[in-house]
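Notebook open, coffee ready. Here is what I looked up today, starting with one residue and its surroundings.

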Amino acid sequence: MADFRIISLNIAMSSLSISDVLRTDKPDFLFLQEVSFSTQTLSDKLDNIGYSGECNVDILHPTLPGTAVVWRKTLKISEVNQIIERRVMSLKCGGETFVNVYAPSGTANRKERMEMFNELAVYLLEWRDKLPVMAGDWNVILAEIDTTKNFQTKFCKTLNEIVKSFHYHDCFRLLHPTAREFTFHRGEHVAQSRL
(Lines give C-alpha, C1' and ligand atoms only; values in the text may rest on other atoms or scores of the structure.)
Protein backbone atom coordinates (compact mmCIF):
# COMPACT_ATOMS: atom_id res chain seq x y z
CA MET A 1 0.00 0.00 0.00
CA ALA A 2 1.24 3.47 -0.86
CA ASP A 3 1.48 6.14 1.80
CA PHE A 4 -1.42 8.59 1.82
CA ARG A 5 -2.03 11.58 4.06
CA ILE A 6 -5.67 11.41 5.22
CA ILE A 7 -7.53 13.97 7.30
CA SER A 8 -11.03 13.47 8.66
CA LEU A 9 -12.92 16.62 9.60
CA ASN A 10 -16.38 17.29 10.99
CA ILE A 11 -16.88 20.65 9.34
CA ALA A 12 -19.64 21.68 11.74
CA MET A 13 -17.16 21.40 14.63
CA SER A 14 -14.22 23.11 12.89
CA SER A 15 -13.35 26.78 12.80
CA LEU A 16 -11.21 26.16 9.71
CA SER A 17 -12.54 26.27 6.17
CA ILE A 18 -12.05 23.37 3.78
CA SER A 19 -9.68 25.54 1.72
CA ASP A 20 -7.63 26.39 4.83
CA VAL A 21 -7.20 22.72 5.73
CA LEU A 22 -6.22 21.78 2.18
CA ARG A 23 -3.75 24.64 1.79
CA THR A 24 -2.19 24.21 5.24
CA ASP A 25 -2.09 20.44 5.68
CA LYS A 26 -1.95 19.36 2.01
CA PRO A 27 -3.65 15.97 2.51
CA ASP A 28 -4.10 13.42 -0.25
CA PHE A 29 -7.63 12.79 1.02
CA LEU A 30 -9.95 14.90 3.16
CA PHE A 31 -12.97 13.08 4.58
CA LEU A 32 -15.73 15.46 5.63
CA GLN A 33 -18.71 14.90 7.91
CA GLU A 34 -21.79 17.06 8.58
CA VAL A 35 -21.76 18.30 5.00
CA SER A 36 -24.82 20.28 3.93
CA PHE A 37 -23.90 21.34 0.40
CA SER A 38 -23.88 19.75 -3.06
CA THR A 39 -21.04 18.26 -5.06
CA GLN A 40 -21.20 21.32 -7.34
CA THR A 41 -20.76 23.70 -4.39
CA LEU A 42 -17.85 21.60 -3.14
CA SER A 43 -16.28 21.58 -6.62
CA ASP A 44 -16.54 25.37 -6.79
CA LYS A 45 -14.57 25.58 -3.50
CA LEU A 46 -11.90 23.16 -4.73
CA ASP A 47 -11.49 24.03 -8.39
CA ASN A 48 -8.56 26.45 -8.10
CA ILE A 49 -6.57 24.64 -5.39
CA GLY A 50 -5.81 21.29 -7.05
CA TYR A 51 -8.49 19.09 -5.50
CA SER A 52 -11.69 17.33 -6.59
CA GLY A 53 -14.50 15.95 -4.48
CA GLU A 54 -17.95 14.44 -4.21
CA CYS A 55 -20.72 14.76 -1.64
CA ASN A 56 -23.10 12.17 -0.21
CA VAL A 57 -26.14 14.20 0.80
CA ASP A 58 -29.89 13.74 0.53
CA ILE A 59 -31.00 16.15 -2.19
CA LEU A 60 -34.62 15.85 -1.06
CA HIS A 61 -33.66 16.88 2.50
CA PRO A 62 -30.71 19.26 2.07
CA THR A 63 -30.69 20.30 5.74
CA LEU A 64 -29.78 16.77 6.85
CA PRO A 65 -25.97 16.59 7.06
CA GLY A 66 -24.00 14.06 5.06
CA THR A 67 -20.46 13.19 4.03
CA ALA A 68 -17.97 14.19 1.34
CA VAL A 69 -14.61 12.96 0.10
CA VAL A 70 -11.97 15.28 -1.34
CA TRP A 71 -8.83 14.15 -3.16
CA ARG A 72 -5.82 15.59 -4.92
CA LYS A 73 -6.47 15.95 -8.65
CA THR A 74 -3.13 14.22 -9.32
CA LEU A 75 -4.41 10.96 -7.78
CA LYS A 76 -6.03 8.38 -10.03
CA ILE A 77 -9.42 7.74 -8.44
CA SER A 78 -11.19 4.78 -10.03
CA GLU A 79 -14.48 4.85 -8.09
CA VAL A 80 -16.45 6.99 -5.67
CA ASN A 81 -19.53 5.33 -4.15
CA GLN A 82 -22.31 6.24 -1.76
CA ILE A 83 -22.50 3.14 0.44
CA ILE A 84 -25.13 4.36 2.93
CA GLU A 85 -26.99 7.56 2.06
CA ARG A 86 -25.49 10.56 3.89
CA ARG A 87 -23.55 8.28 6.24
CA VAL A 88 -20.89 6.22 4.43
CA MET A 89 -19.02 6.65 1.17
CA SER A 90 -15.99 5.03 -0.38
CA LEU A 91 -13.38 5.76 -2.99
CA LYS A 92 -10.77 3.62 -4.70
CA CYS A 93 -7.24 4.77 -5.44
CA GLY A 94 -4.22 2.70 -6.39
CA GLY A 95 -5.93 -0.60 -5.63
CA GLU A 96 -6.96 0.53 -2.14
CA THR A 97 -10.45 1.36 -0.85
CA PHE A 98 -10.98 4.21 1.60
CA VAL A 99 -14.22 4.66 3.54
CA ASN A 100 -15.58 7.84 5.15
CA VAL A 101 -18.06 7.23 7.99
CA TYR A 102 -20.40 9.70 9.69
CA ALA A 103 -22.37 7.83 12.35
CA PRO A 104 -25.59 9.20 13.84
CA SER A 105 -24.89 11.06 17.07
CA GLY A 106 -26.48 11.14 20.49
CA THR A 107 -28.35 8.78 22.75
CA ALA A 108 -31.60 9.32 20.85
CA ASN A 109 -29.98 7.95 17.67
CA ARG A 110 -28.40 4.88 19.26
CA LYS A 111 -30.65 2.43 17.35
CA GLU A 112 -30.04 4.18 14.01
CA ARG A 113 -26.29 4.16 14.72
CA MET A 114 -26.31 0.42 15.52
CA GLU A 115 -28.26 -0.29 12.30
CA MET A 116 -25.77 1.76 10.29
CA PHE A 117 -22.82 -0.14 11.79
CA ASN A 118 -24.55 -3.46 11.06
CA GLU A 119 -25.07 -2.38 7.45
CA LEU A 120 -21.42 -1.33 7.24
CA ALA A 121 -20.39 -4.78 8.53
CA VAL A 122 -22.18 -6.38 5.56
CA TYR A 123 -20.08 -4.29 3.17
CA LEU A 124 -16.93 -5.21 5.08
CA LEU A 125 -17.76 -8.89 4.57
CA GLU A 126 -17.85 -8.23 0.82
CA TRP A 127 -14.42 -6.53 1.07
CA ARG A 128 -12.94 -9.10 3.47
CA ASP A 129 -10.18 -10.13 1.04
CA LYS A 130 -8.84 -6.58 1.15
CA LEU A 131 -10.40 -4.46 3.87
CA PRO A 132 -10.68 -0.72 3.35
CA VAL A 133 -9.02 2.01 5.37
CA MET A 134 -11.78 3.68 7.37
CA ALA A 135 -11.93 7.15 8.90
CA GLY A 136 -14.64 9.52 9.99
CA ASP A 137 -16.82 10.74 12.81
CA TRP A 138 -17.89 7.62 14.67
CA ASN A 139 -19.83 9.43 17.42
CA VAL A 140 -19.04 6.61 19.88
CA ILE A 141 -16.05 5.39 21.83
CA LEU A 142 -14.47 1.98 22.36
CA ALA A 143 -12.21 2.57 25.37
CA GLU A 144 -12.62 4.27 28.75
CA ILE A 145 -9.53 6.39 28.10
CA ASP A 146 -11.49 8.15 25.34
CA THR A 147 -13.92 9.92 27.65
CA THR A 148 -13.94 11.74 30.97
CA LYS A 149 -17.41 10.46 32.03
CA ASN A 150 -20.19 8.02 31.19
CA PHE A 151 -18.18 5.39 29.30
CA GLN A 152 -21.02 2.84 29.17
CA THR A 153 -23.47 5.24 27.52
CA LYS A 154 -20.93 6.20 24.84
CA PHE A 155 -19.53 2.71 24.21
CA CYS A 156 -20.79 0.95 21.06
CA LYS A 157 -20.79 -2.82 21.23
CA THR A 158 -21.60 -3.15 17.51
CA LEU A 159 -18.62 -1.07 16.38
CA ASN A 160 -16.41 -2.85 18.92
CA GLU A 161 -17.41 -6.21 17.39
CA ILE A 162 -16.59 -4.89 13.90
CA VAL A 163 -13.16 -3.69 15.04
CA LYS A 164 -12.36 -7.02 16.68
CA SER A 165 -13.86 -9.27 13.98
CA PHE A 166 -12.09 -7.54 11.10
CA HIS A 167 -8.88 -6.83 13.05
CA TYR A 168 -9.04 -3.06 12.67
CA HIS A 169 -6.83 -0.77 14.74
CA ASP A 170 -7.32 2.76 16.01
CA CYS A 171 -4.33 4.54 14.45
CA PHE A 172 -4.41 7.34 17.01
CA ARG A 173 -4.35 4.86 19.87
CA LEU A 174 -1.48 2.91 18.26
CA LEU A 175 0.59 6.10 18.09
CA HIS A 176 -0.56 7.51 21.45
CA PRO A 177 -1.54 4.58 23.71
CA THR A 178 -2.02 6.65 26.88
CA ALA A 179 -2.94 10.11 25.52
CA ARG A 180 -6.10 11.71 26.85
CA GLU A 181 -7.03 13.98 23.96
CA PHE A 182 -10.60 14.72 23.02
CA THR A 183 -12.38 15.73 19.83
CA PHE A 184 -15.74 16.58 21.40
CA HIS A 185 -16.11 19.16 24.17
CA ARG A 186 -19.42 20.19 25.65
CA GLY A 187 -18.45 22.59 28.38
CA GLU A 188 -16.11 22.49 31.34
CA HIS A 189 -18.19 20.22 33.61
CA VAL A 190 -19.66 17.93 30.99
CA ALA A 191 -17.92 14.82 29.61
CA GLN A 192 -15.26 15.23 26.93
CA SER A 193 -14.81 12.43 24.40
CA ARG A 194 -12.59 11.33 21.54
CA LEU A 195 -15.16 10.32 18.99
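I began with Phe-117: skipping neighbours within four places in sequence, it is in contact (heavy atoms within 4.5 Å) with Val-101, Ala-103, Trp-138, Val-140, Cys-156, Thr-158, Leu-159 and Ile-162.

Note to self: this is a predicted model, where local features need pLDDT of at least 70 and side-chain atom pairs count only at pLDDT 80 or more, while totals for chains, interfaces and linings use all residues. Residues are numbered from 1 along each chain as its sequence is written, and side-chain values use heavy atoms, with hydrogens and water left out.

Next I checked the largest nonpolar core (buried Ala, Val, Leu, Ile, Met, Phe, Trp, Tyr and Cys residues joined through side-chain atoms within 4.5 Å). It has 20 residues, and Phe-117 is among those with the most contacts inside it. The largest share, 5 residues, comes from α3. A second, separate core of 18 residues includes Leu-32.

Then I turned to β2, residues 29-35 (strands are DSSP E runs of at least two residues, helices H or I runs of at least four, numbered from the N terminus). 6 of its 7 residues are buried (under 20% relative accessible area, 1.4 Å probe, protein chains only). Strands pair if DSSP finds at least two bridges between them: β1 and β2 run parallel with 5 bridges, whereas β2 and β4 are antiparallel over 6.

Last stop: is Asp-28 buried or exposed? Asp-28 is buried, at 16% relative accessible area. I found its side chain reaching the backbone nitrogen of Arg-5 at 2.7 Å.

Terms used
Buried means under 20% relative accessible area, exposed over 50%, partly exposed in between (1.4 Å probe, protein chains only). A polar contact is a pair of N or O atoms within 3.5 Å; within protein, one must be able to donate a hydrogen and the other to accept it, and residues adjacent in sequence count only if both atoms are side-chain atoms.
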